[in-house]
Amino acid sequence: MIKRLLSVLLIFSVTLVLGEKSFSTQDPPMVYIYQFVSYDTTLFFLNDAPNKRERIAVNATSDYLTTSSSDILIVNSIDVRTITSIVTSAVARFSALKIAGESIQRRISSENILEMLKSSNYPVETDFIIIGEINILRGNSNSEPHYEIDLKILDVSRQEIINSSMIALSKPQINDLRNLVDQLVEDVVGNLISPFVSNIFLATDSTSTGKILWDTCVLRPVDDFVGSKKIQTDNKDYELVQQEPVPDPRISPALRAELARVNFNFGYDEIRLVKSVFDRYRPDTFLQGKYLLSIQVINNGVVEQFMREINLVALRPGIIQIHLEIPPPPVVVPVSGNLKISNLPIDVVMELLKASPTGQHQIDRVISTAKELDGHCENPDIKTEYNIKNRTVQYEGLYEGTYVLSTYGQSKVFFPGKQSVDLYSYTDTIKIDSAQTQHHKTLFGKNELGGREVVIYFNPFPNKESDTYKLFIQDSNSPIANVKNAGELHVFGVPTDFNGTFRVFKDEKHFTTLNIPRGGKKIYLNADLENETLSEVKPSDGNNEPEPFYGFFKRE
């Protein structure tokens, strides 16, 4: 039997990374694929007749040809370009491998491939050699000749064969050649690179699971190796990747241990396995090294780019958590407006109150004298300005709501136990319901007042300095005077045509009502708050029918 050999030599070359022999994205395994070789047609002498030789013309359309002599069988070889292309395609399906440009250049001599695919610096620092041999063997009397392909892996550093594999096929199986080569390369090369690859998983929490646009997920290595140089990749090198959900029962112990080791602050709601969209062997494995993942998410109603870098370590699951911050509640800027009060009289008290469902609370209390405007606004959110020259008060930053402006006379002591007050009362409401609205209120002056004097005696006389009597006109809610530590009050400026009532309060349980008849004479009234009696002055010099108090009491 005459046997000719067809040989293929695949050389994997790597360089050193940080002084250690290890494949990574910075130094991936490089494969050199030699052109298959074939010498001639193989002849088998069927009847052990070595002396029977003759030159025979080969018909390329047939695999098995016989001559006129029944002792000779001719077996055509497999086209070397076909088997080389099949092996190249099989190796190229490993994303962790690079094919040396020189090996392609030698087969396509008419094109300068190296102009586009830079030199791989072959064969510097070769670590593994894969030798492939294709043999044509004669069968026994009951079988036809067949092909055998042997692959051997040599570890250069150890100087030994670490793996040997073989496939065999007969002429009827020639159509299965690609599938058989693919399976052989997958097994052999897969075992070779397995110590240097791992998986990438995406872990999403409950705040982000439904907000991720999964079909926009792309991945690229941060570093790569071109020729003999390490380079930095950019966004042009992104590769579209898929994500396969991993149900909880399918989470491996290694992945579960890594999830526990990472100890996510937000936990995880779903786990997905990242896979290449290209037709590759083990598309869910990636060579160890740094990777950058980018995916679009809907955050707070806006499409954003979510990017994370991961340093993938071989044989340990890499996990990227996608966590979107829970949007804070929208900032509600409270509506606020401004209020200016002008023409503040001397010797009055002005109070600004804010109304609420539970009552009224004081915003500011201003005592107006000839020398100063003594305000007491303690709310830091409200800016106040007291202008004694112009006798104005300005409030900026009053929050939305209804405000009550109440102004009344400030009583003065003119003798121990005796006080006087100019009759003055102004009440108004201000509604702030739109931002930055400027409200303006102008008070009427005391020079508009005239009238007579009314003297009121309080019973009982105050026992303590803090005892206070409040004086109101008719049904007004704004006092015209607050009297402390006094048993006698002189009210000046009561109009002569006023026919109504004054109400005097000591507290909620002790109050009385005083009738004020028309007239121009000075009158004296007794406010008996001890017996809660109604005090009157007789005789009245006018109609007893009450009338509204105009002129000095204005209400809008």
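**Terms and basis of the model**

Helices (H or I, at least four residues) and strands (E, at least two) are DSSP runs, numbered from the N terminus, and two strands pair if DSSP finds at least two bridges between them. The structure is a predicted model, in which local features need pLDDT of at least 70 and side-chain atom pairs count only at pLDDT 80 or more, while totals for chains, interfaces and linings use all residues. Residues are numbered from 1 along each chain as its sequence is written, and side-chain values use heavy atoms, with hydrogens and water left out.

**The four-stranded sheet**

Four strands form an open sheet in the order E25-E26-E21-E31, and their pairing is mixed. Strands E25 and E31 (438–442) occupy the edges with a single partner strand each, so one side of each has no neighbour in the sheet. Between neighbouring strands the turn averages 15 degrees, direction ignored; the axes behind such angles are lines fitted to C-alpha atoms (for helices, over the stretch in contact), and angles run from 0 to 180 degrees between N-to-C directions.

Strand E26 (residues 392–399) is antiparallel to strand E25 (residues 383–387), and five bridges connect the two. Within this pair, Tyr386 has Val393 of E26 as its bridge partner. The hairpin of E25 and E26 has four residues between the strands, and Arg391 there takes a positive phi near 55 degrees. Strand E26 also pairs with strand E21 (residues 336–342), again in the antiparallel sense, over six bridges. Here the bridge partner of Lys340 is Gln394 in E26.

**The five-stranded sheet**

A further open sheet with mixed pairing runs in the order E28-E29-E35-E32-E38 and has five strands. Its edges are E28 and strand E38 (523–528); each has a single partner strand, so one side of each is left without a neighbour in the sheet. From one strand to the next, the twist averages 30 degrees.

In this sheet, strand E29 (residues 418–422) runs parallel to strand E35 (residues 488–494), with five bridges between them. Val421 stands opposite Val491 of E35.

**Helix H3**

Helix H3 (residues 177–193) contains 17 residues and spans 24 Å from its first C-alpha to its last, close to the 24 Å expected at 1.5 Å a residue. The expected span is 1.5 Å times one less than the number of residues. Several residues of H3 are buried, including Leu177, Val181, Asp182, Leu184, Val185 and Val188; buried means under 20% relative accessible area, exposed over 50%, and partly exposed in between (1.4 Å probe, protein chains only). In an α-helix there are 3.6 residues a turn, so residues three or four places apart point the same way.

**Salt bridges**

The structure holds 14 salt bridges, each defined as a side-chain nitrogen of Lys or Arg within 4 Å of a carboxyl oxygen of Asp or Glu. One of them joins Glu244 and Arg250, whose closest N and O atoms are 3.3 Å apart. Glu244 is partly exposed at 27% relative accessibility, and Arg250 is exposed at 52%. Another links Arg272 with Glu270, at 3.1 Å between the closest N and O atoms; both of these residues are buried.

Lys412 and Asp347 also meet through their side chains in a salt bridge (3.6 Å, N to O). This pair connects distant parts of the chain, 65 residues apart: Lys412 belongs to strand E28 (residues 412–415), and Asp347 to the loop between E21 and strand E22 (348–356). Lys412 is partly exposed, at 37% relative accessible area. In addition, Arg93, Asp182 and Asp279 are joined into one network by salt bridges that share partners.

**A nonpolar surface patch**

Leu240, Val277 and Phe278 make a nonpolar surface patch of about 250 Å². Patches consist of residues with over 30% relative accessible area and no salt bridge, like charges being joined within 9 Å and nonpolar side chains (Val, Leu, Ile, Met, Phe, Trp, Tyr) within 5 Å. Accessible areas come from the Shrake-Rupley method with a 1.4 Å probe, and for residues only the protein chains shown count as cover. Leu240 lies in strand E15 (residues 239–245) and is partly exposed, at 41% relative accessibility.

**Backbone features**

The peptide bond between Asn459 and Pro460 is cis, with omega about 10 degrees. Pro460 lies in the loop between strand E32 (452–459) and strand E33 (468–473).

Leu315 is not a glycine, yet has a positive phi of about 65 degrees. Leu315 is located in the loop between strand E19 (302–312) and strand E20 (318–322), and is exposed at 64% relative accessibility. Asp347, likewise not a glycine, has a positive phi of about 60 degrees.
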